[in-house]
Amino acid sequence: QVRVEESGGGSVQTGGPLRLSCAASGRPLGSYAIGWFRQAPGKERDFVAAISRSGANTYYADAVKSRFTISRDNAKNTLYLQMNNLKPEDTAVYYCAASLNTYRFGSYYSDGSRYDYWGQGTQVTVSS
């Protein structure tokens, strides 16, 4: 059974950093393209970032580009989302999702329907 689990959420002040981690079990992490999504209260779930199976390719939402970095260590079966210069509008529950799709990497993976497994989410709160 595949399981995806996020960790590392918490509270931080505006401008501060936070690093989220995502672990996947059931198959080697390298089997999946991984995406991060977030959902703020009363809003729809939004795409944040995605990374290809090898880690060679990444894709970001415009709102986080240059502030967030997605990376992965397949040997440790762990993936990271480094978030810098956080803003109050980044406050949301952040979800890690794993995709078995083999479609060419790119904006295709900004759509949540491309993902097969989801974590329970981790709360990130940015205070001003």
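A polar contact of 2.8 Å joins the side chains of Arg 67 and Asp 90. A polar contact is a pair of N or O atoms within 3.5 Å; within protein, one must be able to donate a hydrogen and the other to accept it, and residues adjacent in sequence count only if both atoms are side-chain atoms. The model is predicted: local features need pLDDT of at least 70, side-chain atom pairs count only at pLDDT 80 or more, and totals for chains, interfaces and linings use all residues. Residues are numbered from 1 along each chain as its sequence is written, and side-chain values use heavy atoms, with hydrogens and water left out.

**Exercise 1. Describe the surroundings of Arg 67.**

Step 1. Locate the residue. Arg 67 sits in the loop between β6 (58-60) and β7 (68-73). Strands (E, at least two residues) and helices (H or I, at least four) are DSSP runs, numbered from the N terminus.

Step 2. Is Arg 67 buried or exposed? Arg 67 counts as buried because its relative accessibility is 8%. Buried means under 20% relative accessible area, exposed over 50%, and partly exposed in between (1.4 Å probe, protein chains only).

Step 3. Find a second partner of the side chain. The side chain of Arg 67 reaches the backbone oxygen of Asn 85 at 3.0 Å.

Step 4. List the contacts (heavy atoms within 4.5 Å). Not counting residues up to four places away in sequence, Arg 67 touches Gln 82, Met 83, Asn 84, Asn 85, Leu 86, Lys 87 and Asp 90.

**Exercise 2. Trace the salt bridges of Asp 90.**

Step 1. Start with the total. How many salt bridges does a search of the whole structure find? The search finds 5. A salt bridge is a side-chain nitrogen of Lys or Arg within 4 Å of a carboxyl oxygen of Asp or Glu.

Step 2. Take the pair with Arg 38. Asp 90 forms a salt bridge with Arg 38, with the closest N and O atoms 2.9 Å apart. This pair links distant parts of the chain: Asp 90 is in the loop between β8 and β9 (92-99), Arg 38 is in strand β4 (residues 33-39), and they are 52 residues apart. Asp 90 and Arg 38 are both buried.

Step 3. Take the pair with Arg 67. Asp 90 also forms a salt bridge with Arg 67, with the closest N and O atoms 2.8 Å apart. Asp 90 lies in the loop between β8 and β9 and Arg 67 in the loop between β6 and β7, so the pair ties together parts that are 23 residues apart in sequence.

Step 4. Look at another pair. The side chains of Arg 114 and Asp 111 meet in a salt bridge at 3.8 Å, N to O. Arg 114 is partly exposed at 27% relative accessible area, and Asp 111 is partly exposed at 32%.

Step 5. Join the bridges that share partners. Arg 38, Arg 67 and Asp 90 form one network.

**Exercise 3. Describe the largest pocket.**

Step 1. State the volume. The largest pocket holds about 160 Å³ of space.

Step 2. Name the lining. Which residues lie nearest the centre of the largest pocket? Of the 13 lining residues, Arg 38, Lys 43, Asp 46, Glu 89 and Asp 90 lie nearest its centre. On a 1 Å grid over the protein atoms alone, a pocket is an open set of points where a 1.4 Å probe fits, with protein on both sides within 12 Å along at least five of seven lines; lining residues have an atom within 4 Å of a point. Grid points are joined across faces, edges and corners, and a volume is the space filled by probe spheres set on the points.

Step 3. Sort the lining. It divides into 4 nonpolar, 2 polar and 7 charged residues. Ala, Val, Leu, Ile, Met, Phe, Trp, Tyr, Cys and Pro count as nonpolar, Asp, Glu, Lys and Arg as charged, and the others, Gly among them, as polar.

**Exercise 4. Examine two residues with positive phi.**

Step 1. Take Ser 66. Its phi is near 80 degrees, a positive value in a residue other than glycine. Ser 66 lies in the loop between β6 and β7 and is exposed, at 76% relative accessible area.

Step 2. Take Asn 77. Its phi is positive, about 55 degrees, although Asn 77 is not a glycine. Asn 77 is in the loop between β7 and β8 (78-83) and is partly exposed, at 25%.
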